[in-house]
Amino acid sequence: MDRIDAGILRLLAADARAPVVQIANAVGLSQSACTRRIQALEASGHVLGYGARLGHRRLGFRVTALVDITLGTQIEEDLAQFERAVAQIDGVVECALVSGGQDYRLKILCRDLDDYERLHRERLGRLPGVVTISSSFVLRSIPTRSEADAVFAAG
(Lines give C-alpha, C1' and ligand atoms only; values in the text may rest on other atoms or scores of the structure.)
Protein backbone atom coordinates (compact mmCIF):
# COMPACT_ATOMS: atom_id res chain seq x y z
CA MET A 1 0.00 0.00 0.00
CA ASP A 2 1.41 3.36 -1.00
CA ARG A 3 0.46 6.98 -0.30
CA ILE A 4 -2.15 6.95 -3.10
CA ASP A 5 -3.87 3.91 -1.57
CA ALA A 6 -3.74 5.60 1.84
CA GLY A 7 -5.32 8.71 0.32
CA ILE A 8 -8.07 6.65 -1.27
CA LEU A 9 -8.77 4.93 2.06
CA ARG A 10 -8.96 8.28 3.89
CA LEU A 11 -11.41 9.64 1.33
CA LEU A 12 -13.57 6.50 1.37
CA ALA A 13 -13.61 6.53 5.18
CA ALA A 14 -14.69 10.18 5.18
CA ASP A 15 -17.41 9.66 2.56
CA ALA A 16 -17.94 6.21 1.09
CA ARG A 17 -20.53 7.71 -1.27
CA ALA A 18 -18.02 10.06 -2.89
CA PRO A 19 -17.97 9.57 -6.66
CA VAL A 20 -14.91 7.75 -7.98
CA VAL A 21 -14.13 10.72 -10.21
CA GLN A 22 -13.91 12.94 -7.11
CA ILE A 23 -11.60 10.48 -5.34
CA ALA A 24 -9.49 10.09 -8.50
CA ASN A 25 -9.05 13.84 -8.83
CA ALA A 26 -8.09 14.18 -5.16
CA VAL A 27 -5.35 11.54 -5.39
CA GLY A 28 -4.17 12.41 -8.90
CA LEU A 29 -5.35 9.34 -10.81
CA SER A 30 -7.59 8.70 -13.77
CA GLN A 31 -11.05 7.40 -12.94
CA SER A 32 -10.27 3.93 -14.31
CA ALA A 33 -6.96 3.69 -12.41
CA CYS A 34 -8.73 4.81 -9.22
CA THR A 35 -11.48 2.23 -9.74
CA ARG A 36 -8.85 -0.51 -10.11
CA ARG A 37 -7.12 0.64 -6.92
CA ILE A 38 -10.39 0.65 -4.99
CA GLN A 39 -11.21 -2.86 -6.25
CA ALA A 40 -7.72 -4.04 -5.22
CA LEU A 41 -8.15 -2.51 -1.75
CA GLU A 42 -11.48 -4.32 -1.42
CA ALA A 43 -10.04 -7.63 -2.64
CA SER A 44 -7.06 -7.39 -0.27
CA GLY A 45 -9.28 -6.81 2.78
CA HIS A 46 -8.19 -3.21 3.35
CA VAL A 47 -11.81 -2.18 2.69
CA LEU A 48 -14.21 -4.54 4.42
CA GLY A 49 -17.45 -2.92 3.34
CA TYR A 50 -19.49 0.24 3.16
CA GLY A 51 -22.30 1.42 5.35
CA ALA A 52 -24.18 4.29 6.86
CA ARG A 53 -23.64 5.58 10.39
CA LEU A 54 -27.11 5.64 11.89
CA GLY A 55 -28.46 7.95 14.55
CA HIS A 56 -29.51 5.13 16.84
CA ARG A 57 -31.02 7.51 19.40
CA ARG A 58 -33.19 9.09 16.69
CA LEU A 59 -34.28 5.58 15.72
CA GLY A 60 -35.49 4.89 19.26
CA PHE A 61 -32.44 3.08 20.69
CA ARG A 62 -31.77 5.34 23.66
CA VAL A 63 -29.70 2.97 25.81
CA THR A 64 -26.20 1.77 24.99
CA ALA A 65 -24.96 -0.96 27.29
CA LEU A 66 -21.36 -2.09 27.62
CA VAL A 67 -21.47 -5.62 28.92
CA ASP A 68 -18.47 -7.54 30.28
CA ILE A 69 -18.87 -11.31 30.29
CA THR A 70 -16.69 -13.95 31.89
CA LEU A 71 -16.92 -17.56 30.78
CA GLY A 72 -16.17 -20.68 32.76
CA THR A 73 -13.48 -21.90 30.37
CA GLN A 74 -11.11 -20.66 27.70
CA ILE A 75 -11.44 -23.77 25.53
CA GLU A 76 -11.64 -22.77 21.87
CA GLU A 77 -14.83 -24.78 21.27
CA ASP A 78 -16.54 -23.00 24.18
CA LEU A 79 -15.44 -19.60 22.89
CA ALA A 80 -16.74 -20.44 19.41
CA GLN A 81 -20.07 -21.66 20.81
CA PHE A 82 -20.45 -18.44 22.81
CA GLU A 83 -19.58 -16.30 19.78
CA ARG A 84 -22.12 -18.10 17.58
CA ALA A 85 -24.82 -17.58 20.21
CA VAL A 86 -24.00 -13.87 20.65
CA ALA A 87 -24.19 -13.34 16.89
CA GLN A 88 -27.87 -14.33 17.05
CA ILE A 89 -28.85 -11.63 19.56
CA ASP A 90 -30.54 -8.57 18.12
CA GLY A 91 -29.07 -5.37 19.48
CA VAL A 92 -25.50 -6.64 19.89
CA VAL A 93 -23.50 -4.36 17.63
CA GLU A 94 -20.05 -5.39 18.78
CA CYS A 95 -18.54 -8.41 20.50
CA ALA A 96 -14.84 -8.41 21.34
CA LEU A 97 -12.71 -11.10 22.95
CA VAL A 98 -10.62 -9.06 25.38
CA SER A 99 -7.79 -9.42 27.84
CA GLY A 100 -8.11 -8.60 31.53
CA GLY A 101 -10.62 -9.74 34.11
CA GLN A 102 -13.36 -10.62 31.64
CA ASP A 103 -13.44 -12.62 28.44
CA TYR A 104 -15.79 -10.59 26.23
CA ARG A 105 -17.08 -7.05 25.98
CA LEU A 106 -20.36 -6.49 24.16
CA LYS A 107 -21.83 -3.24 22.95
CA ILE A 108 -25.60 -3.47 22.89
CA LEU A 109 -28.22 -0.98 21.70
CA CYS A 110 -31.61 -1.08 23.43
CA ARG A 111 -34.75 1.00 23.30
CA ASP A 112 -34.81 1.57 27.07
CA LEU A 113 -33.81 -0.05 30.37
CA ASP A 114 -36.83 -2.37 30.29
CA ASP A 115 -35.65 -3.61 26.88
CA TYR A 116 -32.16 -4.22 28.28
CA GLU A 117 -33.55 -5.99 31.35
CA ARG A 118 -35.55 -8.33 29.10
CA LEU A 119 -32.51 -8.99 26.90
CA HIS A 120 -30.36 -9.68 29.97
CA ARG A 121 -32.91 -12.09 31.44
CA GLU A 122 -33.93 -13.89 28.26
CA ARG A 123 -30.73 -13.92 26.20
CA LEU A 124 -27.52 -12.86 27.95
CA GLY A 125 -28.10 -14.95 31.06
CA ARG A 126 -28.69 -18.00 28.89
CA LEU A 127 -25.56 -17.72 26.77
CA PRO A 128 -23.41 -20.86 26.92
CA GLY A 129 -20.62 -20.91 29.49
CA VAL A 130 -21.41 -17.56 31.13
CA VAL A 131 -20.22 -17.23 34.72
CA THR A 132 -20.53 -13.47 35.28
CA ILE A 133 -22.18 -10.54 33.53
CA SER A 134 -21.35 -6.94 34.40
CA SER A 135 -23.23 -4.12 32.69
CA SER A 136 -22.43 -0.43 32.35
CA PHE A 137 -24.52 2.16 30.56
CA VAL A 138 -23.24 4.95 28.38
CA LEU A 139 -24.35 8.28 29.80
CA ARG A 140 -22.86 10.38 27.02
CA SER A 141 -20.94 9.48 23.92
CA ILE A 142 -18.18 11.91 23.07
CA PRO A 143 -17.34 12.23 19.37
CA THR A 144 -13.89 10.84 18.71
CA ARG A 145 -11.78 10.02 15.69
CA SER A 146 -13.01 7.68 13.04
CA GLU A 147 -11.17 4.37 12.79
CA ALA A 148 -9.51 5.63 9.63
CA ASP A 149 -8.30 8.81 11.33
CA ALA A 150 -6.89 6.78 14.22
CA VAL A 151 -5.14 4.32 11.88
CA PHE A 152 -3.57 6.99 9.73
CA ALA A 153 -2.59 9.19 12.68
CA ALA A 154 -0.73 6.24 14.18
CA GLY A 155 1.27 5.88 10.98
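In this predicted model, helices (H or I, at least four residues) and strands (E, at least two) are DSSP runs, numbered from the N terminus. With those labels in hand, let us begin with a loop.

**View 1. Asp-90, in the loop between H4 and E2.** Asp-90 sits between helix H4 and strand E2. Is Asp-90 buried or exposed? Asp-90 has a relative accessible area of 67%, and exposed means over 50%, so this residue counts as exposed. Now look for Glu-76, which is 14 residues from Asp-90 in sequence. From C-alpha to C-alpha, Asp-90 and Glu-76 are 24 Å apart in space.

**View 2. Helix H4 and its buried face.** Helix H4 covers residues 76–86, and its buried residues are Leu-79, Phe-82 and Val-86. Looking down the axis of H4, you find these buried residues within an arc of 65°, so they line one face of the helix. Here is a handy rule: an α-helix has 3.6 residues a turn, so residues three or four places apart point the same way. Which strands do the buried residues of H4 pack against? They pack against E1, E2, E3 and E4. Over on the other side of H4, Glu-76, Glu-77 and Arg-84 are exposed.

**View 3. Helix H5, with a cap at its N-terminal end.** In helix H5 (residues 113–122), Asp-115, Tyr-116 and Leu-119 are buried. Down the axis of H5, the buried residues fall within an arc of 100°, so they too line one face of their helix. That buried set packs against E1, E3 and strand E4, which covers residues 130–137. Leu-113 and Asp-114, on the other side of H5, are exposed. Which residue caps the N-terminal end of H5? Asp-112 does, with a side-chain oxygen 3.2 Å from the backbone nitrogen of Asp-114.

**View 4. A closer look at Asp-115 in helix H5.** Asp-115 has a relative accessibility of 19%. Buried means under 20%, so Asp-115 counts as buried. A polar atom of the Asp-115 side chain lies 2.9 Å from the backbone nitrogen of Arg-111.

**View 5. The largest pocket and its lining.** This pocket has a volume of about 1900 Å³. How many residues line the largest pocket? Its lining has 39 residues, and those nearest the centre are Ala-52, Arg-53, Arg-145, Ser-146 and Glu-147. By class, the lining has 21 nonpolar, nine polar and nine charged residues. Several elements each give at least two residues to this lining: helix H1 (3–14), strand E1 (63–71), strand E2 (92–97), strand E3 (104–110) and helix H6 (147–154).

**View 6. Val-151 in helix H6.** At 54% relative accessibility, Val-151 counts as exposed. Try finding Arg-10 as well: Val-151 and Arg-10 are 141 residues apart along the chain. In space, their C-alpha atoms are separated by 9.7 Å.

**View 7. Gly-101, in the loop between E2 and E3.** To close, we visit another loop residue. Gly-101 is exposed, with a relative accessible area of 71%. How far is the C-alpha atom of Gly-101 from that of Glu-147, 46 residues away along the chain; what is their separation? The two C-alpha atoms are separated by 26 Å. Glu-147 is one of the residues nearest the centre of the largest pocket, so do look back at View 5 to find it.

Notes:
Residues are numbered from 1 along each chain as its sequence is written. This is a predicted model: local features need pLDDT of at least 70, side-chain atom pairs count only at pLDDT 80 or more; totals for chains, interfaces and linings use all residues. Side-chain values use heavy atoms; hydrogens and water are left out. On a 1 Å grid over the protein atoms alone, a cavity is a set of points where a 1.4 Å probe fits but cannot get out, and a pocket is an open set with protein on both sides within 12 Å along at least five of seven lines; lining residues have an atom within 4 Å of a point. Grid points are joined across faces, edges and corners, and a volume is the space filled by probe spheres set on the points. Ala, Val, Leu, Ile, Met, Phe, Trp, Tyr, Cys and Pro count as nonpolar, Asp, Glu, Lys and Arg as charged, and the others, Gly among them, as polar. Buried means under 20% relative accessible area, exposed over 50%, partly exposed in between (1.4 Å probe, protein chains only). The arc is that of the directions from the helix axis to the C-beta atoms. Contact means heavy atoms within 4.5 Å. A polar contact is a pair of N or O atoms within 3.5 Å; within protein, one must be able to donate a hydrogen and the other to accept it, and residues adjacent in sequence count only if both atoms are side-chain atoms.
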